Amino acid sequence: MFSSTNRTVVVVGAQWGDEGKGKLVDVLAERADWVVRYQGGANAGHTVDLGDSSFVLHQIPSGILHEGVRCAIGNGVVLDPDTLFTEIDELVADGIDVEGRLYVSDRAHLVLPYHKLVDGESSHSQSLGTTGRGIGPAYEDKVARRGVRVLDLRNPARLRELVTKGAEQANMQLTRFNSGKRADVEQTLELLGRLAERLLPLAEDVGLMVYRAMKSGAAILLEGAQGSLLDVDHGTYPFVTSSSTTSGGAAIGTGIPPTALDAVLGVVKAYTTRVGTGPLPTEMDAPMGERIRTLGNEFGATTGRARRCGWFDAVVVRYATRINGLTDIAVTKLDVLDTLDRVAICTGYEYGGDLHTEFPGDITSLDQVVPRYEWMEGWQRSTADARKLDELPSQARAYLDRLRELIDTPITYVSVGTRRDQIIGL
Ligand code: GDP
Ligand code: IMO
Ligand code: MG
């Protein structure tokens, strides 16, 4: 992805999350100087499998496993300091040195215990199937202009004022939910006082640092979380997360100009999954869904919930290509389909007597659409050891060719297993 002209590259999920972004970021970080997370928070779970050890990163960029790569958490992220420090401690215990190469934007908003309380106690969050990590409430406070930013930890009087407002708001909501739980201003301030000692030394003007790195020619990877169909504007609203997961969010959430983005890699599974509620037009029938869930180990990296499984939806990925300006595609988990005798691709939605090939804004129609499928022959051979395209069975190549044709974007990577080395670069 990096070349003399491609210096700033975005990695986004082009379905409903868990596409394998962590794996791709880890692979690409080999050649990156910087990796920056630009939105979301600890709702993300990005898995990196090094072979002899495996990591799930929620808050820290997946580039951290490469020695010498600088990692930053951008202003667009809602930062959960608890998760951050737990993750740092675990990495250090596993021999990964993060000292001096992990930065946090001083403008990033904090996820506080009362955000998690509200997310956990809200029946609305439950009906959406959120991760319960306080993401929605933290972004609500940000947009309502009462959020606590990292830089507020430097100013105790302002911090007290913001936490008082935030706790008041949380308590109003908790009362409305008939919850017996309450936010406590003093406890929150005491916690923040302790966390500040560790957090403030990491706080930087990340936008400025990345901009300077960019000007000096550095290779910069911007790591998206969640997926395009979970984007608060472009996803299956209201069954979405609370941030801009698409490539437009990468500039805003890092603090660099949109004109700086040179390429956008969209990560897609060779099929589709979704965790949580909301439409999934190509959802498989129960036995097939169960089979793919088992083969693909489709259980959430953050919450452990079973992921719903569906066939590859070309309507979705074409839409994601358009709204992200995808220049490249990485197809992951091709190996999960290895034992199937046939595989389906959805090429359109039949609805109201018409065939729709553009993803609708009004999701009520999605409950009634009938996916139009194209069936292709399975390959029934292991792809796990393929390292070149021509080592793949011809049926698997035909499947990839058809995907490329339908989404009209070059496939640059094909992943055939969890490990770092199980990838075909095209
Ligand atoms: P992310 O949130 O997009 O980073 O994805 P997750 O880490 O939540 O979920 C992807 C899962 O698929 C992880 O368990 C990965 O180890 C696994 N994975 C990634 N690529 C492949 C692949 O090509 N084949 C198989 N079998 N598993 C993969
Ligand atoms: P990564 O980065 C898959 C989903 C939740 C829920 C909705 C809103 O690992 O791909 P939230 O807690 O964000 O308010 O929940 O979004 N969701 C994800 N699904 N992968 C993720 O992250 C997700 N992060 C949030 O399941 O449906
Ligand atoms: Mg994930």
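Two strands are taken as paired if DSSP finds at least two bridges between them, and strands (E, at least two residues), like helices (H or I, at least four residues), are DSSP runs numbered from the N terminus. The structure is a predicted model, in which local features need pLDDT of at least 70 and side-chain atom pairs count only at pLDDT 80 or more, while totals for chains, interfaces and linings use all residues. Residues are numbered from 1 along each chain as its sequence is written, chains are lettered from A and ligands numbered from 1 in the order in which they are written, and side-chain values use heavy atoms, with hydrogens and water left out.

A good place to begin is the sheet. It is an open one of 10 strands with mixed pairing, in the order 9-7-5-2-10-1-11-15-19-20. Its edges are strand 9 (203-204) and strand 20 (423-425), each of which pairs on one side only. Strand 2 runs parallel to strand 5 (residues 70-73), with four bridges between them; in this pairing W34 stands opposite R70 and V35 opposite C71. Strand 2 is also parallel to strand 10 (residues 220-223), again over four bridges, and here V36 has L222 as its bridge partner. In a regular strand the side chains alternate between the two faces of the sheet. In strand 2, W34 and V36 point one way and V35 and R37 the other, and all are buried (under 20% relative accessible area, where exposed means over 50% and partly exposed lies in between; 1.4 Å probe, protein chains only).

Next comes the metal. The magnesium ion (ligand 3) is coordinated by D18 (OD) and G45 (O), at 2.1 to 2.2 Å; donors are N, O and S atoms within 2.8 Å of the metal (3.2 Å for Na, K and Ca), and since water is not among the atoms, sites may look incomplete. This pair links distant parts of the chain, 27 residues apart: D18 is in the loop between strand 1 (8-13) and helix 1, and G45 in the loop between strand 2 (34-37) and strand 3. With 22% relative accessibility, D18 counts as partly exposed, whereas G45, at 10%, is buried.

D18 also takes part in the surroundings of ligand 1, since one of its polar side-chain atoms lies 2.9 Å from a ligand oxygen, a polar contact (a pair of N or O atoms within 3.5 Å). A backbone N or O atom of G20 is 2.8 Å from an oxygen atom of ligand 1, and a polar backbone atom of V416 is 3.5 Å from one. Taken alone, ligand 1 exposes 580 Å², of which the protein buries 92% (Shrake-Rupley method, 1.4 Å probe). Helix 1 (21-29) and strand 3 (46-49) are the elements that give two or more residues to the shell, and helix 1 gives the most, with three. In total 18 residues surround ligand 1 (a heavy atom within 4 Å), the closest being K21, G22, T47, D335 and S415.

Ligand 2 has 20 residues around it, and K21, H46, T131, Q226 and T241 come nearest. Side-chain N or O atoms of T131 and of T241 each lie 2.6 Å from an oxygen atom of ligand 2, and a polar side-chain atom of R305 is 2.9 Å from one. Ligand 2 taken alone exposes 550 Å², and the protein buries 98% of that.

Conventions
A polar contact is a pair of N or O atoms within 3.5 Å; within protein, one must be able to donate a hydrogen and the other to accept it, and residues adjacent in sequence count only if both atoms are side-chain atoms.
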